[in-house]
Amino acid sequence: MNQLISSCLIRPATIADAPAITALIGDLMPFLTLHPNGEGAEKFIEHCRLPAIENYLSQSRYHYQLAHIEGVLAGVVAMRDNTHLFHMFVPRAMHRRGMARRLWQAARDTSLANGNTTGFTVNSSVYALPLYQNLGFIATGPKVEMDGIAFVPMRMALA
């Protein structure tokens, strides 16, 4: 892990962080939808817009954390129900530099501290599949294409 990543500050997100989270996800949308312009993925896109993110942040079943490096947003991770990796997004400039691994470690450690004893699930985008495999997630089914997105359901058992 490079020195810049290891020096990042990770903190719980608040509703006030919703605009920054929304902007980060919006910038990455071409990696998430089947068509770069989002055609057919309107339902998914709606779940990534400001009102939806504010709603997730207001619910106790979602736990969001943000990474900052020198005051700049360097990534976001969210767990749902302490077991499902719901969101993990890293700015394009930080791709393949270790930030996603650092965010995953923070989310995993928090979930374990909060009592997760069953393992973790994620619906990986096709783009992120190699990352999740490297983190130790294993596909539990084939790629699913629906509503303008594609994902692979994955699971990580606790050792």
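**Exercise 1. Two residues with positive phi**

Task: Classify Glu 70, whose relative accessibility is 76%, as buried or exposed, then state where Glu 70 and Asp 81 lie.

Solution: Step 1. At 76% relative accessibility, Glu 70 counts as exposed, given that buried stands for under 20% relative accessible area, exposed for over 50%, and partly exposed for what lies in between, with a 1.4 Å probe and protein chains only. The model is a predicted one, in which local features need pLDDT of at least 70 and side-chain atom pairs count only at pLDDT 80 or more, while totals for chains, interfaces and linings use all residues. Residues are numbered from 1 along each chain as its sequence is written, and side-chain values rest on heavy atoms, with hydrogens and water left out.

Step 2. Glu 70 belongs to the loop between β2 and β3, where helices (H or I, at least four residues) and strands (E, at least two) are DSSP runs numbered from the N terminus. Although Glu 70 is not a glycine, its phi is positive, at about 50°.

Step 3. Asp 81, in the loop between β3 and β4, is likewise not a glycine and has a positive phi of about 55°. With a relative accessibility of 39%, Asp 81 counts as partly exposed.

Step 4. Strand β3 spans residues 72–80 and contains Val 72, which is exposed with a relative accessible area of 53%. Val 72 and Cys 8 are 64 residues apart along the chain, and their C-alpha atoms are separated by 9.6 Å.

**Exercise 2. The chain as a whole**

Task: State how many helices and strands the protein chain has, and compare its radius of gyration with that of a compact globule of 159 residues.

Solution: Step 1. The protein chain has six helices and eight strands, and from the N terminus on these elements run α-β-α-α-α-β-β-β-α-β-α-β-β-β.

Step 2. For 159 residues, a compact globule would have a radius of gyration near 15 Å, and the 15 Å of the protein chain agrees with this; the radius is taken over C-alpha atoms, and the globule rule is 2.2 Å times the number of residues to the power 0.38. Along the principal axes, the C-alpha atoms fill a box of roughly 40 × 35 × 30 Å.

Step 3. Of the 159 residues, 44% count as buried. The accessible surface comes to about 8300 Å², with 55% of it belonging to carbon and sulfur atoms; such areas come from the Shrake-Rupley method with a 1.4 Å probe, and for residues only the protein chains shown count as cover.

Step 4. Among contacts (heavy atoms within 4.5 Å) between residues at least 6 apart in sequence, 61% join residues at least 24 apart.

**Exercise 3. The buried face of α4**

Task: Which residues of helix α4 are buried, and what covers them?

Solution: Step 1. Helix α4 covers residues 50–58, and its buried residues are Ala 52, Ile 53, Tyr 56 and Leu 57. Seen down the axis of α4, these buried residues fall within an arc of 135°, so they line one face of the helix; the arc is that of the directions from the helix axis to the C-beta atoms.

Step 2. An α-helix has 3.6 residues a turn, so residues three or four places apart point the same way.

Step 3. The cover over the buried residues of α4 includes α2 (18–32), α3 (42–46), β2 (62–69) and β4.

**Exercise 4. Three buried positions**

Task: Locate Val 90, Leu 103 and Ser 124, and list what each one touches, not counting residues up to four places away in sequence.

Solution: Step 1. Val 90 sits in the loop between β4 (84–89) and α5 (99–113), and at 8% relative accessibility it counts as buried. Its contacts are Leu 24, Leu 28, Ala 74, Gly 75, His 95, Met 99, Ala 100 and Leu 103.

Step 2. Leu 103 is placed in helix α5 and is buried, with a relative accessible area of 0%. Leu 103 touches Ile 10, Ala 67, Gly 75, Val 76, Val 77, Met 88, Phe 89 and Val 90.

Step 3. Ser 124 lies in strand β5 (residues 120–125) and is buried, with a relative accessible area of 0%. The residues that Ser 124 touches are Leu 129, Tyr 132, Ala 150, Phe 151, Val 152 and Met 154. Between the C-alpha atoms of Ser 124 and His 87, which are 37 residues apart along the chain, the separation is 9.7 Å.
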